[in-house]
Amino acid sequence: MKKQLFAFLLFSLLTSSISAQRVHTSFDPSWKFVKGDVRNGEKQNINDKDWRTVELPHDWSIEDLPNQSDSVIGPFTKTSVGSTSTGYVVGGTAWYRKHFNLDNDAGKKVFIYFDGIYMNSDVWINEHHLGNHPYGYTPFYYDLTPYLKPNGENVLAVRVRNEGRNSRWYSGSGIYRHVWLTITNEIHVDEWGVYITTPEVSANSATVNVKTSVVNEQNTASLKVRTRILDAKNNIVGENMISIANSSPLERGRGEVSQTIKIPHPSLWSPGSPYLYHAVTDIMKGIAILDHVVTNFGVRSLEFSAEKGFLLNGKNVELRGGCMHHDNGPLGSATIDRAEERRVELLRLYGFNAVRTSHNPPSQQFLDACDSLGIIVLDEAFDHWEREKNPQDYHLYFDTSWKKDIDAMVLRDRNHPSVIFWSIGNEINERADAPGLAIARELIAEIKRLDDTRPITEAICHFWDHPGYKWDTTAAAFALLDVGGYNYQWKQYEPDHEKYPQRIIMGTESVPVEAFDNWKLVEKHPYVIGDFVWTAMDYLGETGIGHTKPDSASSYQLQTFPWFNAWCGDIDLTGGKKPQLYYRDIVWRTSLMHMLVHTPVPAGHKEAVSYWGWPDEMPYYHFPGQEGKPLEVHVYTRYPRVRLLFNGKTVDEKTVSPENLTATFQINYQPGSLKAIAIDKGKAVDSIALQTAGKPTHIHLIVDRSRIKANRNDLAYVAAEILDANGRLVPDAIIPLHFTITGNGEIAATASASPNDMQSFQKPQHRTFRGKCLIIVRPKGKAGKIILKAEGERLKADEVVIETK
């Protein structure tokens, strides 16, 4: 206990100087906001008192639109410029303004940091234009120092233009990530100025290299850089102090200091054990600490080869991956910390060990969660380069912006141990043409200049956009990459290996119905290191690409209004498990057996499943009104045989197909109990049962955490379920529920998993889908209790209590 107390006090002492030397303050609260363009919106004398007061992160595209009607529902409208691509939401132009005062403190530097604005932002301080940042997914910062009023009110103004058709998915609009104000001395560590690598790793020792970029605007000599490595319990496990000589470039304003520190018997970072260290960097003059920065990192080694595959800390890792867009469902793109963390928690809960941030760099908070929870990250830069996918997309700015955006991604993210791969692009039109190859070389060279410790990939697809091109045309593009990213091309893995035996292959996109085909090759060949499904989780936009319905005209057809959700994820928009994920459990060997029942197909019709879709089946046996109609039952398992029973009587026994790990049964629906028994060597070894539910009688609320922080960046996710008298979910229940909340919290959003039941995400009511819906509760910032109550017609109400501390 004494050692732990000493360690805590030591860490507090080490970090307390941050308040005296470097002040890092959230700038999220109290912004004025108006939707629409404002002439001279940057001027200090603009009257913004009637503008809304909003708190960041803020996404205006998820907010309810005015003049609700059959064609305007919640945030959705048929007249949306983005249409099916962005999920029928509205972008446009808007302004943000923040008024603030700073104490007169000579010799200080003041910076404003934006982790992400979508998109094309212009920023002014006291009417001085600081700059334009077109890309909506990379962080940036400005030096406010020369333009501040030390003894008066300052006005920070931001114009955001999400105009025209500029995205293939829901982007959101506005200052949707966090904003920070940082005050430092004139001698300080540069933004993203600490770079940590672990070039030598063993069980006995790890070598940690720390490079620190120091800004010295006082041209002061006789400085020291001290770096201490702390373990997860805040014990110092290694340190180094280096003096900066008078001949150092630091004396002329800026330079880099290198240090090497040994850690004895290191704890290594991996998905199974995501151990984090902290590097505490101090810039010192004598005994005075001029700046103080804490950087989290992990110790791990990476090795890639066609012969051994991917070795993490010397052990083979097969990537069970999923692609993921950046939105947080009913919260839009607002990066509230808990929402980012929960998405990573869901990945881990459902068996994923890797995520591809499609098709842009994620938030800082998302990567922090991947670090601490142990999810490997493929950090992707762009969806397009010089050639457009939409008329107003990033291709308009690529030539002048790519370098600063690559730099921002790599410099911000390179200390995250979860980030294992850099990706330079997704399905780039010019991927195999001479101009595209030249761009790829430039991107790769710039990344390696900043970080040469990770492999670089690119997601390459077949030439649907270049009729007449053969697959082999990709050879020049793959030759530039450390790992070849294949989108939907698992049939090319083995032929390509024959031609290019040293090529390392990774499935960067695949569809759910081909999960087993992809995974068999991962398990069979070391040169195939993993597979990333499109997608891990449902997202807004690309409406209905995963649709399933009778007599669909095209397997690639997007669905129109009122569809708003892609519906292709393994996880639904509320965090629930979809049918394809039950199958993936068996493919990945994370579960032994699942049974799902296909919904009845209307007589005279045939089900059509889109390319990214999955048959319309559920882990339930409940189809009122379909008595006597034929049903198909699928049992997914690696057991050799399955026996199916209805109400205790054997219906049939089938051999499990080794081609798809499925035993399929035909039955005529009658209410009752359906049971599947796994048979191995003539013996019953496992079973699973489904029971028809009764009529809805009551609501049951389930909160993911009953104790949360009294902090605006925390959330409680509450599932509302419609149950029968025996406590069984009623999966056909579509019932409006109404919610009331009291205490120190508010309802941030409500939602269901439905891809086409458009509703407001912001009203305290929601219709259930398949017997469920979601309520997201947000603390108001004070400790106490929050009570959420759910009510529905002819249903017994329920409530949950959430404590905030």
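Q: What volume does the second largest cavity have?
A: This is a predicted model, and it holds five cavities of 30 Å³ or more. Take the second largest of them: its volume comes out at about 90 Å³.

Q: Which residues lie nearest the centre of that second largest cavity?
A: Its lining divides into three nonpolar, seven polar and three charged residues. That lining is made up of 13 residues. Nearest the centre you'll find Met-324, His-325, His-326, Arg-343 and Pro-362.

Q: Now for the largest cavity: which residues are closest to its centre?
A: This one has a volume of about 150 Å³. By class, its lining has seven nonpolar, six polar and three charged residues. Of the 16 lining residues, the closest to the centre are Tyr-118, Tyr-135, Tyr-137, His-384 and Tyr-394.

Q: Over to the open sheet of four strands: which strands stand at its edges?
A: The strand order is E39-E38-E41-E42, with antiparallel pairing. A strand with a single partner has one side left without a neighbour in the sheet, so the edges belong to E39 (649–655) and E42 (683–691).

Q: What does the twist from one strand to the next average in this sheet?
A: The sheet in question is the open one, ordered E39-E38-E41-E42. Going from one strand to the next, the average twist is 20°.

Q: Which residue in E41 stands opposite Val-642?
A: Strand E38 covers residues 641–646 and strand E41 covers residues 673–680. The two pair in the antiparallel sense over six bridges. Across from Val-642, in E41, stands Ala-678.

Technical notes: Residues are numbered from 1 along each chain as its sequence is written. This is a predicted model: local features need pLDDT of at least 70, side-chain atom pairs count only at pLDDT 80 or more; totals for chains, interfaces and linings use all residues. Side-chain values use heavy atoms; hydrogens and water are left out. Two strands pair if DSSP finds at least two bridges between them. Axes are lines fitted to C-alpha atoms, for helices over the stretch in contact, and angles run from 0 to 180 degrees between N-to-C directions. On a 1 Å grid over the protein atoms alone, a cavity is a set of points where a 1.4 Å probe fits but cannot get out, and a pocket is an open set with protein on both sides within 12 Å along at least five of seven lines; lining residues have an atom within 4 Å of a point. Grid points are joined across faces, edges and corners, and a volume is the space filled by probe spheres set on the points. Ala, Val, Leu, Ile, Met, Phe, Trp, Tyr, Cys and Pro count as nonpolar, Asp, Glu, Lys and Arg as charged, and the others, Gly among them, as polar.
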